[in-house]
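Hello,

Here is the structure we talked about passing on. Please open it first, then read the notes below.

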Amino acid sequence: MKKLLIMFCMCSLSLVTQADSLTPSQQSEVRSLVRETLIKHPDIIVEAINELQKQKQQEQQGRVQAVLDANKATLFYDRQDPYLGAEKPALTIAYFFDFNCTVCKRQEVEIEKTLKAFPQVRVVYKDLPILGESSWEASEMALAVHEKDPKKYALVHKKLTSKPGKHDSQSISAALKSEGFDVNTLKKGNTNSFDKQLNKNIQLATLLGIRGTPALVFPDKVVVGYVDEKQLAAMIKEWLKPHS
């Protein structure tokens, strides 16, 4: 009954907005009917708002899914991207992060625990250096390490994310040096290709509506903000169940 009333009100209001198809007398009559209905059943206002919000969420999800489908290869299978986890994954998650993001440093811990619990999952690291010049420098150097010695990327990544607070050139250099890399030597490499990769990540984030870090991108949804181990495990299980 309530659904019928909601539909009646929405249809009636739609008619009012199409003023050219109604006479002034008819418009007044429709408004009176809607007003009378809402007075008798005020709870349908809340239900109508909820229904509209649900429709908007579904439309937004549809737009996001279209972007995910169109950019699947770049998001999940770009060979230039570092990754941790399964070599032949049942699920790949793209992780947008910034080395200067304090929340990302907490998220890293949850991701590490999750990869141990789900060996069939891969996490692809998408640097999103939006928190200053040192973010960009740290990302460039981490990508340079990955290009030079992919096996050591995880160690350097952990060093960079374990530092409390923001980085500067000195802290970045120290993190790299601890794993046997020299910043000046790395900077002589092909940094232009890293800049292109970082700009590509920024473009992807923009398309997906990601305006901050951390953000986890599944094949069917985008999750922005911190996600603890329990929540992340639930999302992974939800996706794996119909795909296993």
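Start inside. The model is predicted, and the largest cavity in it is lined by Ile-93, Ile-111, Thr-114, Leu-115, Val-121, Val-123, Leu-216, Leu-232 and Ile-236. Three elements each give two or more residues to that lining: helix 5 (102-117), strand 3 (121-127) and helix 11 (229-243). Helix 5 gives the most, with 3 residues. By class, the cavity lining holds 8 nonpolar residues, 1 polar residue and no charged ones. The space in the largest cavity comes to about 40 Å³. Searching the whole structure for cavities of 30 Å³ or more turns up 1.

Now the pockets.

The largest pocket holds about 260 Å³ of space. Its lining counts 14 residues, and the closest to the pocket centre are Glu-108, Glu-112, His-157, Lys-158 and Thr-161. Helix 5 appears here too, because at least two lining residues come from helix 5 and at least two from helix 7 (153-162). Helix 5 is again the top contributor, giving 7 residues to the lining of the largest pocket. That lining splits into 6 nonpolar, 3 polar and 5 charged residues.

The second largest pocket has a volume of about 150 Å³. Its lining is made of Leu-68, Lys-72, Phe-76, Tyr-77, Pro-89, Ala-90, Leu-91, Thr-92, Pro-219 and Trp-239. Helix 4 (72-76) supplies at least two of these residues, and so does strand 2 (91-97). The classes in this lining are 8 nonpolar, 1 polar and 1 charged.

One loop deserves a look of its own. Where does Thr-213 sit? Thr-213 is in the loop that runs between helix 10 (191-207) and strand 4 (215-218). Pro-214 lies in the loop between helix 10 and strand 4 as well. The peptide bond from Thr-213 to Pro-214 is cis, and its omega is near 0°.

Is Thr-213 buried or exposed? Thr-213 counts as buried because its relative accessibility is 16%, and the cut-off for buried is under 20%. Which residues does Thr-213 touch, leaving out those up to four places away in sequence? Its contacts are Phe-96, Phe-97, Asp-98, Cys-101, Cys-104, Leu-128 and Ile-130.

Last, the whole protein.

There are 11 helices and 5 strands. Of the 244 residues in the protein, 42% are buried. Take the contacts with a separation of 6 or more: residues 24 or more positions apart account for 75% of them. The protein exposes about 14,100 Å². Carbon and sulfur atoms supply 55% of that area.

If you want a short viewing order, try this:

- The cis bond from Thr-213 to Pro-214.
- The contacts of Thr-213, including Cys-101 and Cys-104.
- The lining of the largest cavity, with Thr-114 and Leu-115 among the residues.
- The largest pocket, with Glu-108 and His-157 among the residues closest to its centre.
- The second largest pocket, where Trp-239 is one of the lining residues.

Best wishes

Notes. Residues numbered from 1 in each chain as written. Predicted model: local features only at pLDDT ≥ 70, side-chain atom pairs only at ≥ 80, totals over all residues. Heavy atoms only, no water. Helix = DSSP H or I, 4+ residues; strand = E, 2+ residues; numbered from the N terminus. Buried < 20%, exposed > 50% of the residue type's maximum accessible area, 1.4 Å probe, protein only. Contact = heavy atoms within 4.5 Å. 1 Å grid on protein atoms, 1.4 Å probe; cavity = no way out; pocket = protein on both sides within 12 Å on 5 of 7 lines; lining within 4 Å. Points joined across faces, edges and corners; volume = space filled by probe spheres on them. Nonpolar A, V, L, I, M, F, W, Y, C, P; charged D, E, K, R; others polar. Areas by Shrake-Rupley, 256 points an atom, 1.4 Å probe, with all protein chains shown as cover.
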